[in-house]
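Work through these exercises with the model open beside you. Try each task before reading its solution.

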Amino acid sequence: MDGRWSQLDYEMLLELAERRGLRVLERALPDLLTGLYSESHRLILVESRILEEQQRVALAHELIHAERHDASCAAAPFSKIELATRREVAIRLVNPEAYRIAEETGGYAYQIACDLGVTVQCVRDYQRYLEECAENIGRRISA
Ligand SMILES: [Zn+2]
């Protein structure tokens with residue numbers, strides 16, 4: 001379901017986390033981390049010194065780890081599990097129609113990110129997802 005969380009701002013995602021029995025704390029995190037998750041504590045940490053759009057993406061990311069009961073978000077940044085989580089974040093946060101409009105009017109990732117209230121990385125993850133979808137359709141047609 002594309003764009004399922006696209007209408008939820010950071011505060012609303014915090015409420016969602018609470019309804020799911022998760023504790024969310026904002027802290028200064030080390031090593032440029034924007035978020036952390038601990039399944040054993042059902043605890044999410046969000047970096048406190050970043051923009052709200054970045055916090056929104058970070059919280060969505062950790063919420064998906066919690067949904068999948070991943071042990072943590074300590075994996076290597078380009079591990080399978082991290083890439084899958086980022087992809088899911090992009091699918092949930094980006095409304096396809098809003099993306100299409102933002103792409104038509106601005107076109108480049110930074111502008112689209114501003115329009116949609118997400119990070120540039122999230123926009124790039126969404127673009128990669130769209131490319132994958134197009135490749136799958138192409139494969140099906142040529143099969
Ligand atoms: Zn993660």
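The exercises below concern a predicted model.

**Exercise 1. The sheet**

Task: Find the order of the strands in the open sheet, and say which strands stand at the edges.

Solution.
- Step 1. Start with S1, residues 23–27. S1 runs parallel to S3, residues 43–47, and five bridges join the two.
- Step 2. Check two pairs of residues. Valine 24 stands opposite isoleucine 44 in S3. Arginine 27 stands opposite glutamate 47 in S3.
- Step 3. Turn to S2. S2 and S3 pair in the antiparallel sense, over four bridges. Tyrosine 37 has isoleucine 44 in S3 as its bridge partner.
- Step 4. Put the pairs together. The three strands form an open sheet in the order S1-S3-S2, and the pairing is mixed.
- Step 5. Read off the edges. S1 and S2 (35–38) each have a single partner strand, so one side of each is left without a neighbour in the sheet. From one strand to the next, the twist averages 20°.

A reminder on pairing: strands of a sheet pair through backbone hydrogen bonds, either parallel or antiparallel.

**Exercise 2. Strand S1**

Task: Decide whether S1 is largely in the open or largely buried.

Solution.
- Step 1. Take the cut-off: a buried residue has 20 or more other C-beta atoms within 10 Å of its own.
- Step 2. Apply the count to the strand. S1 has five residues, and the number buried is zero.
- Step 3. Conclude. S1 therefore lies largely in the open.

**Exercise 3. Positive phi**

Task: Say where leucine 32 is placed, where histidine 69 lies, and whether each is buried or exposed.

Solution.
- Step 1. Recall the background. Most residues other than glycine have a negative phi.
- Step 2. Look at leucine 32. Its phi is positive, near 60°. Leucine 32 is in the loop between S1 and S2. It has 7 C-beta neighbours inside 10 Å, so leucine 32 counts as exposed.
- Step 3. Look at histidine 69. It is not a glycine, yet its phi is positive, about 55°. Histidine 69 lies in the loop between H2 and H3. With 8 other C-beta atoms within 10 Å, histidine 69 is exposed.
- Step 4. Add the hairpin. S2 and S3 form a hairpin with four residues between them. In that turn, arginine 42 has a positive phi of about 50°.

**Exercise 4. One side of a helix**

Task: Find which residues of H3 are buried, and what covers them.

Solution.
- Step 1. Locate the helix. H3 covers residues 80–93, 14 residues in total. From its first C-alpha to its last it reaches 20 Å, close to the 20 Å expected at 1.5 Å a residue.
- Step 2. List the buried residues of H3: Thr85, Arg86, Val89, Ala90, Arg92 and Leu93.
- Step 3. Place them around the axis. They cover an arc of only 165°, so they are on the same side of H3.
- Step 4. Recall the geometry. An α-helix has 3.6 residues a turn, so residues three or four places apart point the same way.
- Step 5. Name the cover. It includes H2 (52–68) and H6 (120–142).

**Exercise 5. The nonpolar core**

Task: Find which residues of the largest nonpolar core touch the most other members.

Solution.
- Step 1. Count the core. It has 30 residues. Leu59, Ala60, Leu93, Val118 and Cys122 touch the most other members.
- Step 2. Trace the suppliers. H1 (10–19), S2, S3, H2, H3, H4 (96–105), H5 (109–116) and H6 each supply at least two residues of this core. H2 gives the most, with seven residues.
- Step 3. Follow leucine 93. Leaving aside neighbours within four places in sequence, leucine 93 is in contact with Trp5, Ser6, Val57, Ala60, Val118 and Cys122.

**Exercise 6. Two buried residues**

Task: Say which residues leucine 63 is in contact with, and which residues valine 123 touches. Leave out neighbours up to four places away in sequence.

Solution.
- Step 1. Take leucine 63, in H2. It has 25 C-beta neighbours inside 10 Å, so leucine 63 counts as buried. Its contacts are Leu13, Leu16 and Ala17.
- Step 2. Take valine 123, in H6. With 25 other C-beta atoms within 10 Å, valine 123 is buried. Valine 123 touches Ala109, Ile112, Ala113 and Val118.

How values were computed
Residues numbered from 1 in each chain as written. Predicted model: local features only at pLDDT ≥ 70, side-chain atom pairs only at ≥ 80, totals over all residues. Buried ≥ 20, exposed ≤ 12 C-beta atoms within 10 Å, placed from the backbone. Pairing = 2+ DSSP bridges. Axes fitted to C-alpha atoms, helices over the stretch in contact; angles between N-to-C directions. Expected span 1.5 Å × (residues − 1). Arc of directions from axis to C-beta. Contact = placed C-beta atoms within 7 Å. Core = buried A, V, L, I, M, F, W, Y, C linked by C-beta atoms within 7 Å.
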